[in-house]
Amino acid sequence: MKNEEGRMKNLMNGARKVKKEELCGNPQGGAERGMTPPEDPRSSLFGLRSWFRNLLKVALPLLLGAFILYWVYRDFDFAQAAVVLRHGIRWDWMALSLFFGVWSHVERALRWRQTLEPLGCRPRPSHLVDAVYLSYATSLVIPRVGEVSRCGVLSRYAHVPFSKSLGTVVTERLVDTLCILLITGVTLLLELPVFVTFFRQTGTKIPSLVHLLSSPWFYVALFCVVGVVVLLVWLARMLVVFERVRGVVLDVWQGVMSLRRVRNVPLFLLHTVLMWLCYFLHFYLTFYCFPFSADLGLQAGLVMFVAGTFAVIVPTPNGAGPWHFAVITMMMLYGVSSSDAALFALLVHGIQTLLVIVLGLWGWLHLVLSGKKE
């Protein structure tokens with residue numbers, strides 16, 4: 001009898017427990033009956049943080065570029081720019097400049113192929129070119145993410161391991177850094193007084209603290225420095241992430257060391273020289289599009305090219321803001337008025353940015369419409 005009474009009590013207690021779980025929405029009881037368990041607040045918070053970080057990656061470069069552009073063009077006559085755009089540009093010279101802009105991407109793609117070959121990867125040249133087009137267009141949205149995106153494109157359409165192609169991109173950037181340092185060294189020797197004047201006028205050598213704090217150019221330069229520091233911190237964090245995954249690091253290292261096994265080193269150097277020559281001509285030929293800049297000369301072009309190259313290190317879309325500031329300041333040192341220099345920077349940068357967008361769209365459409373994967 002006692003055993004029977006005990007079993008009855010246990011059954012009644014179990015029934016009450018089930019009823020209570022159903023009424024209170026117990027996650028375990030609900031799950032046993034096909035009910036969806038409530039979302040973990042911690043996972044929701046993690047998703048919100050991830051979304052917020054992604055928002056900052058897009059918003060901060062845009063805000064930084066917008067702030068610098070505002071300071072540079074706060075007193076500019078945009079109606080004059082519209083008139084010059086319609087009637088005051090030599091479009092034959094601009095078309096030639098844009099041609100070299102397109103060909104610089106092709107040269108980069110051909111050089112990239114040489115670093116991939118030692119890894120046993122031989123993707124189609126069209127895939128490489130489209131990936132480079134997309135990388136520059138993607139960087140307009142999130143600066144510095146373009147190099148990652150072109151590796152992703154190659155992984156999807158040519159089955160090249162992402163980490164290995166990323167290593168070849170790191171190698172490319174090291175070579176490009178050496179190239180720009182060499183170009184900068186030669187330009188400094190040729191035009192050292194101009195650079196000294198530039199640093200003096202932009203706040204590097206200021207006679208008084210009061211003048212420093214009252215100069216808007218100081219704050220523009222300060223924001224540029226902050227942007228570079230943020231970029232370096234981001235790169236350091238990325239390296240820490242890679243170090244946690246040994247397999248990825250080894251693949252990246254193989255990609256980096258692929259430069260040692262490039263079959264045709266003279267051809268690699270030729271592609272490098274032609275690529276940087278195209279970059280320079282893409283910028284320099286725009287001088288001949290305007291009457292006030294047509295007589296500046298090759299050395300002035302080198303100075304502004306170097307200044308603009310370092311300015312785009314600041315993580316803003318296509319260097320918007322810092323590039324304008326650097327080119328305008330340098331152009332004024334060569335006797336061009338501030339209004340004409342601002343006009344030049346605005347129109348040239350706008351047209352070249354439009355070219356990046358068009359090439360990015362072309363690369364994306366070509367990949368999608370071809371629908372062919374190796």
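Modeller: A residue counts as buried when its relative accessible area is under 20%. This model is predicted.

Biologist: Why is threonine 187 called buried?

Modeller: Threonine 187 has 1% relative accessibility. The cut-off is under 20%, so the residue is buried. Threonine 187 sits in helix H8. A polar atom of its side chain lies 2.7 Å from the backbone oxygen of isoleucine 183.

Biologist: What makes that a polar contact?

Modeller: The limit is 3.5 Å between N or O atoms, and 2.7 Å falls within it, so the pair of threonine 187 and isoleucine 183 qualifies on distance.

Biologist: How far is threonine 187 from alanine 300, in sequence and in space?

Modeller: The two are 113 residues apart in sequence. Their C-alpha atoms are 9.3 Å apart in space.

Biologist: What elements make up the chain?

Modeller: The protein chain has 15 helices and zero strands. It has 374 residues, and buried ones make up 40% of them. Of the contacts with a separation of 6 or more, 76% join residues 24 or more positions apart.

Biologist: How many salt bridges does the whole structure have?

Modeller: The search finds eight. One of them pairs arginine 111 with aspartate 176.

Biologist: Why is that pair called a salt bridge?

Modeller: The closest N and O atoms of arginine 111 and aspartate 176 are 3.1 Å apart. The cut-off is 4 Å, so the pair passes. The bridge links distant parts of the chain: arginine 111 is in helix H5 and aspartate 176 in helix H8, 65 residues apart. Both arginine 111 and aspartate 176 are buried.

Biologist: What separates glutamate 147 and arginine 150 along helix H7?

Modeller: About one helical turn, because they are three residues apart in helix H7. Their closest N and O atoms are 2.8 Å apart, and they form a salt bridge.

Biologist: How do you know whether glutamate 147 and arginine 150 are buried or exposed?

Modeller: Set each value against the cut-off of under 20%. Glutamate 147 has a relative accessible area of 19%, so it is buried. Arginine 150 has 1%, so it is buried too.

Biologist: Where does arginine 173 come in?

Modeller: Arginine 173 meets glutamate 147 in a salt bridge, at 2.0 Å from N to O. This pair also links distant parts of the chain, helix H8 to helix H7, 26 residues apart.

Biologist: Why is arginine 173 called partly exposed?

Modeller: Arginine 173 has 31% relative accessibility. That lies between under 20% and over 50%, so it is partly exposed.

Biologist: What makes a network of these bridges?

Modeller: Shared partners. Salt bridges join Arg108, Arg111, Glu147, Arg150, Glu172, Arg173 and Asp176 into one network.

Biologist: Which residue other than glycine has a positive phi?

Modeller: Histidine 159 has one, of about 55 degrees. Most residues other than glycine have a negative phi. Histidine 159 is in the loop between H7 and H8.

Biologist: Why is histidine 159 called exposed?

Modeller: Its relative accessibility is 53%, and exposed means over 50%, so histidine 159 counts as exposed.

Biologist: Which residues form the nonpolar patch on the surface?

Modeller: Leu354, Ile357, Val358, Leu361, Trp364, Leu365, Val368 and Leu369, with about 780 Å² of accessible area together. One of them, leucine 361, lies in helix H15.

Biologist: What makes leucine 361 eligible for a patch?

Modeller: A patch residue needs over 30% relative accessible area; leucine 361 has 48%, so it clears that bar. The same value makes leucine 361 partly exposed. The whole chain exposes about 21,100 Å², and carbon and sulfur atoms supply 69% of it.

Biologist: How do you know where confidence is low?

Modeller: Look at pLDDT. The chain averages 76, and 67% of residues score at least 70. By element, helix H2 has the lowest mean, 41, and helix H12 the highest, 95. Residues 17-37 stay under 50, with six contacts beyond four places in sequence. Residues 204-210 also stay under 50, again with six such contacts. Where pLDDT is low, predicted coordinates should not be read in detail.

Note on methods: Residues are numbered from 1 along each chain as its sequence is written. This is a predicted model: local features need pLDDT of at least 70, side-chain atom pairs count only at pLDDT 80 or more; totals for chains, interfaces and linings use all residues. Side-chain values use heavy atoms; hydrogens and water are left out. A salt bridge is a side-chain nitrogen of Lys or Arg within 4 Å of a carboxyl oxygen of Asp or Glu. Helices (H or I, at least four residues) and strands (E, at least two) are DSSP runs, numbered from the N terminus. Buried means under 20% relative accessible area, exposed over 50%, partly exposed in between (1.4 Å probe, protein chains only). pLDDT is the predictor's confidence in each residue, from 0 to 100. Contact means heavy atoms within 4.5 Å. Patches are made of residues with over 30% relative accessible area and no salt bridge: like charges are joined within 9 Å, nonpolar side chains (Val, Leu, Ile, Met, Phe, Trp, Tyr) within 5 Å. Accessible areas come from the Shrake-Rupley method with a 1.4 Å probe; for residues, only the protein chains shown count as cover. A polar contact is a pair of N or O atoms within 3.5 Å; within protein, one must be able to donate a hydrogen and the other to accept it, and residues adjacent in sequence count only if both atoms are side-chain atoms.
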